[in-house]
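The exercises below ask you to read a protein model step by step. Try each task on the structure before you read its solution.

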Amino acid sequence: MKRTLNINRKDIELRFDPAESLLHTLRNHGYTEVKSGCEEGECGACLVLLNGKAVNSCLIFTSSLNGDRILTAAGIGTLHEPHVIQQAFVDCGAVQCGFCTPGMVIASYALLQENPEPTEAEVRRALSGNLCRCTGYVKIVEAVLCAAERLKSER
Ligand code: FES
Ligand code: FES
C-alpha cells in the first residue's frame, strides 16, 4: 500500500504492508529514532505525536492514516539544534542508554504543550506510560521540570 503522511513537517510517501504498524513503517523509512520495545502499548518507546497527540505508534495501523501529521523526537530538535527539552535531558543527566529517551521527549513535549507549568506529580503522571530501565526516573523528572522553567523564561 502507499500513503502520504506529513512527517516532521515534510510530506513523505510511505510504502507498507496492509497489516503493518506505524512503528514499523516509520522505522522502515529511516525514522529509527522511534524505538521498538514491547510492541504492545506498554513501554512508550515508540511514542510519536499524531496530529499533535502523543500515541504509541505500535498500536496504530499505518493503513488507518492518510495525510496525518506525525512528529518524532528528531522532528522536535536535532543534534545541532536540540529542543529545550532535549537539552535539559542532557544537562540533567537524564539519558543513560538512551533507548527510552525519544519516547520520553515526546511525552514531555506533549505535556508541556498542554500544561507549561506542571508539578512533579503531573510530570510523573504524564510519563507513567514510558518505561526506563536505567535511570530510576528521578533525573528524567528533573529534566522535564528544568525544561518547563527554561521555556517559561523564554516566554
Ligand atoms: S513499542 Fe509501542 S508501547 Fe512499547
Ligand atoms: S536511559 Fe536506558 S531505558 Fe531509559
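**Exercise 1.** Does Glu 39 count as buried, partly exposed or exposed, and at what relative accessibility?

*Solution.* This is a predicted model, in which local features need pLDDT of at least 70 and side-chain atom pairs count only at pLDDT 80 or more, while totals for chains, interfaces and linings use all residues. Residues are numbered from 1 along each chain as its sequence is written, chains are lettered from A and ligands numbered from 1 in the order in which they are written, and side-chain values use heavy atoms, with hydrogens and water left out.

Begin with the cut-offs: buried means under 20% relative accessible area, exposed over 50%, and partly exposed in between, with a 1.4 Å probe and protein chains only. Glu 39 has 37% relative accessibility and therefore counts as partly exposed. Next, find its place, which is the loop between α1 and β3; such helices (H or I, at least four residues) and strands (E, at least two) are DSSP runs, numbered from the N terminus. Finally, look at the backbone, where Glu 39 has a positive phi of about 60 degrees although it is not a glycine. Most residues other than glycine have a negative phi.

**Exercise 2.** Describe Glu 40 and then Leu 47 by place, accessibility and contacts.

*Solution.* Glu 40 lies in the loop between α1 (22-28) and β3 (47-50), and because its relative accessibility is 58%, Glu 40 counts as exposed. If residues up to four places away in sequence are not counted, Glu 40 touches Cys 58 and Leu 59, where contact means heavy atoms within 4.5 Å.

Leu 47, by contrast, is found in strand β3, and its 10% relative accessibility is why Leu 47 counts as buried. Leaving aside neighbours within four places in sequence, Leu 47 is in contact with Ala 54, Val 55, Asn 56, Gly 103, Ile 106, Ala 107 and Asn 130.

**Exercise 3.** How many residues of α4 are buried, and what span does the helix reach from its first C-alpha to its last?

*Solution.* Helix α4 (residues 101-114) has 14 residues and reaches 20 Å from its first C-alpha to its last, close to the 20 Å expected at 1.5 Å a residue; the expected span is 1.5 Å times one less than the number of residues. As for cover, 12 of the 14 residues of α4 are buried, among them Met 104, Ser 108 and Leu 112.

**Exercise 4.** At what angle do α3 and α6 cross, and which residues of the two helices meet?

*Solution.* Two packed helices are described by the angle between their axes and the distance between the axes. Axes are lines fitted to C-alpha atoms, for helices over the stretch in contact, and angles run from 0 to 180 degrees between N-to-C directions. The axes of α3 (residues 84-91) and α6 (residues 138-154) come within 8 Å and cross at roughly 135 degrees. Angles under 35 degrees count as roughly parallel, over 145 as roughly antiparallel, 65 to 115 as roughly perpendicular and the rest as oblique, and α3 and α6 are therefore oblique to each other.

For the residues, Val 84, Ile 85, Gln 87, Ala 88, Phe 89 and Asp 91 in α3 meet Ile 140, Ala 143, Val 144, Cys 146, Ala 147, Arg 150, Leu 151 and Glu 154 in α6. By class, this contact of α3 with α6 has 10 nonpolar, one polar and three charged residues, where Ala, Val, Leu, Ile, Met, Phe, Trp, Tyr, Cys and Pro count as nonpolar, Asp, Glu, Lys and Arg as charged, and the others, Gly among them, as polar.

**Exercise 5.** Describe in turn how α4 packs with α3 and with α6.

*Solution.* Take α3 to begin with: α3 and α4 pack at an angle of about 125 degrees, with their axes 10 Å apart, and are therefore oblique to each other. Their contact is made by Ile 85, Gln 86 and Phe 89 of α3 and Thr 101, Met 104, Val 105, Ser 108, Tyr 109 and Leu 112 of α4. These residues divide into six nonpolar, three polar and no charged.

Turn then to α6: the axes of α4 and α6 come within 11 Å and cross at roughly 40 degrees, which makes α4 oblique to α6. Here Met 104, Ser 108, Leu 111 and Leu 112 in α4 meet Ile 140, Val 144, Ala 147, Ala 148 and Leu 151 in α6, and the residues of this contact divide into eight nonpolar, one polar and no charged.
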